[in-house]
Amino acid sequence: MNSPGVVFPRTGPAVMADDGDALTFCSTCAFSQACMSEGMDKAALMDLHVLVEHVGPLHPGEHVFREGDAFGAIAAVRAGTVKTYQVDRNGHEQVLGFHLPGEVIGLNAIHDDRYPCNAVALDTVMLCRFSFPKIALLAQRLPNLQQHLFRLMSRDIGVASLFARDNTADERMAAFLIGLSRRLAARGFSPRRFQLTMSRTDIANYLRLAPETVSRVLRRFETDGLLHIKLRDVEVLDMERLEALALAVLRD
């Protein structure tokens with residue numbers, strides 16, 4: 001398991017080699033909680049012929065899938081960051097999300113049997129690819145796994161709507177940073193120190209802000225003592241104030 005001090009995405013060889021053992025899952029497994037709640041350990045899943053394909057490393061700019069590709073599998077991020085995006089008819093890119101270790105991409109392709117967006121590696125990415133027909137078959141035997149898939153889809157819908165509200169630039173940026181912090185902490189990474197693996201332009205696109213606004217807000221957060229920023233490295237200095245600012249967006 002990643003130490004609370006591990007700064008994302010700086011995973012060393014020991015972390016990358018963490019596949020668990022015959023009874024335990026790797027530290028970034030997206031489905032371990034659902035399977036273990038059913039009493040299914042790693043060995044039992046092997047007996048059910050659930051095949052997990054390790055994919056990678058993918059390098060920055062390499063695509064996991066492209067819009068319109070036939071759907072056959074979902075993928076869980078094992079290491080690195082994957083950006084999902086669409087391109088409109090005028091050639092303008094719209095960033096849909098950033099996916100971190102333990103998070104799943106491809107669930108939005110289930111309905112039409114084709115991926116409705118693009119997914120690209122932002123840094124060095126490792127994936128676990130799951131054949132969707134096989135995991136759907138397994139879900140019939142493991143009700144908690146089916147519920148977990150539904151929760152993942154529901155989460156994606158909820159996250160997509162967060163920045164559609166009429167919030168200030170400061171609130172949006174605070175919510176983005178707190179969201180990253182919480183998601184990384186859930187996988188054992190440091191909640192206070194992490195690297196922004198996405199560009200300022202991508203962050204601005206995702207938050208529906210201008211790139212210069214993102215840079216200005218980050219500078220103001222640093223001046224106000226909320227953050228320390230060096231290039232892409234971020235250290236949260238005042239988590240309580242940042243969370244209070246993010247509350248208008250996250251509402252929890």
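**Close-up views of the predicted model**

**View 1. Glu53, at 42% relative accessibility, counts as partly exposed.** The cut-offs are under 20% for buried, over 50% for exposed and partly exposed in between (1.4 Å probe, protein chains only). Glu53 pairs up with Arg129 in a salt bridge, with 3.7 Å between the closest N and O atoms; that means a Lys or Arg side-chain nitrogen within 4 Å of an Asp or Glu carboxyl oxygen. The pair connects distant parts of the chain, with Glu53 in strand β1 and Arg129 in strand β8, 76 residues apart. Helices (H or I, at least four residues) and strands (E, at least two) are DSSP runs numbered from the N terminus. Arg129 is partly exposed too, at 27%.

This is a predicted model, with residues numbered from 1 along each chain; local features need pLDDT of at least 70, side-chain atom pairs 80 or more, while totals for chains, interfaces and linings use all residues. Side-chain values use heavy atoms, without hydrogens or water.

**View 2. Glu103 and Arg183 meet in a salt bridge, 2.8 Å from N to O.** Glu103 sits in the loop between β5 (93–99) and β6, and Arg183 in helix α6, so this pair ties together parts 80 residues apart in sequence. Glu103 is buried, with a relative accessible area of 12%, whereas Arg183 is partly exposed at 22%.

**View 3. Arg241 bridges to Asp238, with the closest N and O atoms 3.5 Å apart.** Arg241 is partly exposed at 42%, and Asp238 also lands in that class, at 22%. Elsewhere, Lys83, Glu93 and Asp202 join into one network through salt bridges that share partners. The structure holds six salt bridges.

**View 4. Asp123 is buried yet goes without a salt bridge.** Its nearest side chain of opposite charge is Arg232, 7.7 Å off; Lys and Arg count as positive, Asp and Glu as negative, with His and the chain ends not counted. Asp123 belongs to the loop between β7 (118–121) and β8 (125–131). Skipping neighbours within four places in sequence, its contacts include Pro9, His59, Thr81 and Thr197 (contact: heavy atoms within 4.5 Å). One of these partners, Pro9, follows Phe8 through a cis peptide bond, omega about 0°, and is part of the segment before α1 (13–16).

**View 5. Helix α8 spans residues 211–223, 13 in number.** Its end-to-end C-alpha reach is 19 Å, close to the 18 Å expected at 1.5 Å a residue, where the expected span uses one less than the residue count. Thr213, Val214, Val217, Leu218 and Phe221 are its buried residues. They fall within an arc of 130° seen down the axis, so they line one face of α8; the arc uses directions from the helix axis to the C-beta atoms. That buried set packs against α6 (169–186), α7 (200–207), β10 (227–230) and α9 (239–250). On the other side, Glu212, Arg219 and Thr223 are exposed. After α8 comes Gly225, with a positive phi near 80°.

**View 6. Leu231 has a positive phi, near 55°, despite not being glycine.** Leu231 is in the loop between β10 and β11 (233–236) and counts as exposed, at 71%. Asp113 is another non-glycine residue with positive phi, near 60°; its place is the loop between β6 (104–105) and β7, and at 47% Asp113 counts as partly exposed.

**View 7. A cis peptide bond runs from Gly56 to Pro57, with omega near 5°.** Pro57 belongs to strand β1, residues 52–58.
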